[in-house]
Amino acid sequence: MSGNGNGAATAEENGPNMRVIRVGTRKSQLARIQTDSVVAVLKAFYPGLQFEIVAMSTTGDKILDTALSKIGEKSLFTKELEHALEKNEVDLVVHSLKDLPTVLPPGFTIGAICKRENPYDAVVFHPKFVGKTLETLPEKSVVGTSSLRRAAQLQRKFPHLEFKSIRGNLNTRLRKLDELQEFSAIILAAAGLQRMGWQHRVGQILHPEECMYAVGQGALGVEVRANDQDMLDLVGVLHDPETLLRCIAERAFLRHLEGGCSVPVAVHTAMKDGQLYLTGGVWSLDGSDSMQETMQATIRVTAQHEDGPEDDPQLVGITARNIPREAQLAAENLGISLASLLLNKGAKNILDVARQLNDAH
């Protein structure tokens with residue numbers, strides 16, 4: 001955690017009428033757990049504030065019979081929450097960062113990115129296959145996933161398996177796995193299982209050589225109105241510098257590729273000894289065609305960023321005034337450079353074909 005957020009404190013917080021901050025979230029159990037964790041940190045920083053959670057359903061929560069990649073809506077899990085933010089019905093919204101598009105609607109910004117949990121994907125097996133791995137599942141076993149990214153990478157790695165779309169919140173997908181005989185295993189984000197306290201269901205963690213993760217996976221983003229300086233100051237204390245810089249690089253990579261949930265794009269990032277490493281890849285829908293590269297950049301996070309007027313303080317939809325601007329720009333440039341390298345090598349053709357095939361089916 002970094003930043004001081006002192007600008008957010010006002011005299012009224014200490015009076016009998018405690019100031020109320022309204023926090024928007026999705027209704028799912030996982031979304032509530034994630035939001036509660038963010039609110040707990042804010043309460044520790046601001047004991048004089050009261051936080052009220054406002055839960056609502058989103059388009060992505062309501063349409064459960066269609067694969068995410070088919071719905072063609074960039075803000076499946078965010079649109080209704082942003083409407084509430086726009087109408088001042090809530091002051092901030094907590095999201096899984098991977099649900100937030102790399103270009104936000106005008107008037108909004110990501111005011112904080114919290115420390116990332118395990119970003120990898122996890123395999124949960126049907127009770128009769130506990131103890132197996134994807135490699136040792138029987139021929140033609142059906143594996144459920146709502147992600148083109150996962151299916152494309154894993155089909156390439158495990159050609160003896162069949163991959164089929166599975167939708168619903170975590171509780172629903174686990175119930176479908178356990179109660180129906182349709183799936184031998186399902187792939188979920190390890191961070192979600194961890195937050196739900198279901199680590200015991202994890203049968204296998206997929207490492208980058210098997211399946212790279214989604215942009216922003218494992219991190220939480222806090223969205224606020226871009227002109228609400230008070231809220232930006234308040235949530236700025238949540239920024240985790242390493243997570244922020246890794247996610248700026250990842251989001252810049254995805255934005256420059258013009259990728260989204262309708263094409264298989266995946267990343268892996270790491271920071272070590274002042275170097276930020278970014279691996280990014282693109283795949284055809286069936287995983288037969290792919291391209292990936294790794295680049296690195298030197299990141300300096302020691303100098304304190306000076307507050308001052310900027311034409312556009314946002315980078316890939318993120319505002320972080322308490323993290324050195326130079327470091328943020330280096331991370332963004334790394335993402336753009338890696339995307340440019342892949343595009344120059346022909347990645348656009350792979351992505352265009354993937355989009356066309358996804359739209360046609």
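Q: Is strand 1 buried or exposed in this model?
A: In this predicted model, strand 1 covers residues 20-26, and 5 of its 7 residues are buried, so the strand is largely enclosed by the rest of the structure.

Q: Which strands pair with strand 1, and in what sense?
A: Strand 1 pairs with strand 2 (residues 50-56) in the parallel sense, over 7 bridges. Strand 1 also pairs with strand 3 (residues 92-96), again in the parallel sense, over 2 bridges.

Q: Which residues stand opposite each other there?
A: Arg22 stands opposite Glu52 in strand 2. For Gly24, the bridge partner is Val93 in strand 3.

Q: Through what does the chain cross from strand 1 to strand 2?
A: The chain passes through helix 1, residues 29-45, on its way from strand 1 to strand 2. The resulting β-α-β crossover is right-handed.

Q: What does the secondary structure of the whole protein come to?
A: The protein has 11 helices and 13 strands. Of its 361 residues, 54% count as buried. Among contacts between residues at least 6 apart in sequence, 73% join residues at least 24 apart.

Q: What is the strand order in the sheet of 5 strands?
A: The order is 7-6-8-5-9, in an open sheet with mixed pairing. Strand 7 (162-164) and strand 9 (202-206) stand at the edges with a single partner strand each, so one side of each has no neighbour in the sheet. Direction ignored, neighbouring strands of this sheet are turned by 30° against each other on average.

Q: How many bridges join strand 5 to strand 8?
A: There are 5 bridges between strand 5 (residues 121-125) and strand 8 (residues 185-189), and the two strands run antiparallel. Within this pair, Val123 stands opposite Ile187 in strand 8.

Q: Which helices pack on that sheet?
A: Helix 5 (residues 148-157) packs on the sheet and touches strand 5, strand 7, strand 8 and strand 9. The direction of helix 5 makes about 125° with that of strand 8. Helix 6 (residues 170-179) also packs on the sheet, touching strand 5 and strand 8, and its direction makes about 165° with that of strand 8.

Q: Where does Glu139 lie?
A: Glu139 lies in the loop between strand 5 and strand 6 (142-144).

Q: Why does Glu139 count as exposed?
A: Glu139 has a relative accessibility of 58%, so it counts as exposed, the cut-off being over 50%. The C-alpha atoms of Glu139 and Leu161 are separated by 6.2 Å, and the two residues are 22 residues apart along the chain.

Q: Changing topic, which residues are buried in helix 4?
A: In helix 4 (residues 79-86), the buried residues are Glu80, Leu81, Glu82, Ala84 and Leu85.

Q: What follows helix 4?
A: Asn88 follows helix 4, and its phi is positive, near 60°.

Q: What about the sheet of 3 strands: which order and pairing does it have?
A: The order is 11-12-13, in an open sheet with antiparallel pairing. Strand 11 (265-272) and strand 13 (290-298) are the edge strands, each pairing on one side only. On average, neighbouring strands of this sheet are turned by 15° against each other, direction ignored.

Q: How many bridges join strand 12 to strand 13?
A: Strand 12 (residues 275-283) and strand 13 are joined by 9 bridges and run antiparallel. The bridge partner of Val282 is Met291 in strand 13.

Q: Which helices meet these strands?
A: Helix 9 packs on the sheet, touching strand 11 and strand 12, and its direction makes about 150° with that of strand 11. Helix 11 (residues 347-360) lies across strand 11, strand 12 and strand 13, running at about 50° to strand 12.

Q: At what angle do helix 9 and helix 10 pack?
A: Helix 9 (residues 241-257) and helix 10 (residues 325-344) pack at about 35°, with their axes 7 Å apart. Their crossing is right-handed.

Q: Which residues meet there?
A: From helix 9, the residues include Leu244, Ile248, Phe253 and Leu257. Those of helix 10 include Ala331, Leu334, Leu338 and Leu342. By class, the contact has 15 nonpolar, 4 polar and 1 charged residues.

Notes:
Residues numbered from 1 in each chain as written. Predicted model: local features only at pLDDT ≥ 70, side-chain atom pairs only at ≥ 80, totals over all residues. Heavy atoms only, no water. Axes fitted to C-alpha atoms, helices over the stretch in contact; angles between N-to-C directions. Helix = DSSP H or I, 4+ residues; strand = E, 2+ residues; numbered from the N terminus. Left-handed = near helix turned anticlockwise from the far one by under 90°. Contact = heavy atoms within 4.5 Å. Nonpolar A, V, L, I, M, F, W, Y, C, P; charged D, E, K, R; others polar. Buried < 20%, exposed > 50% of the residue type's maximum accessible area, 1.4 Å probe, protein only. Pairing = 2+ DSSP bridges. Right-handed = clockwise from strand over helix to strand, strands pointing away.
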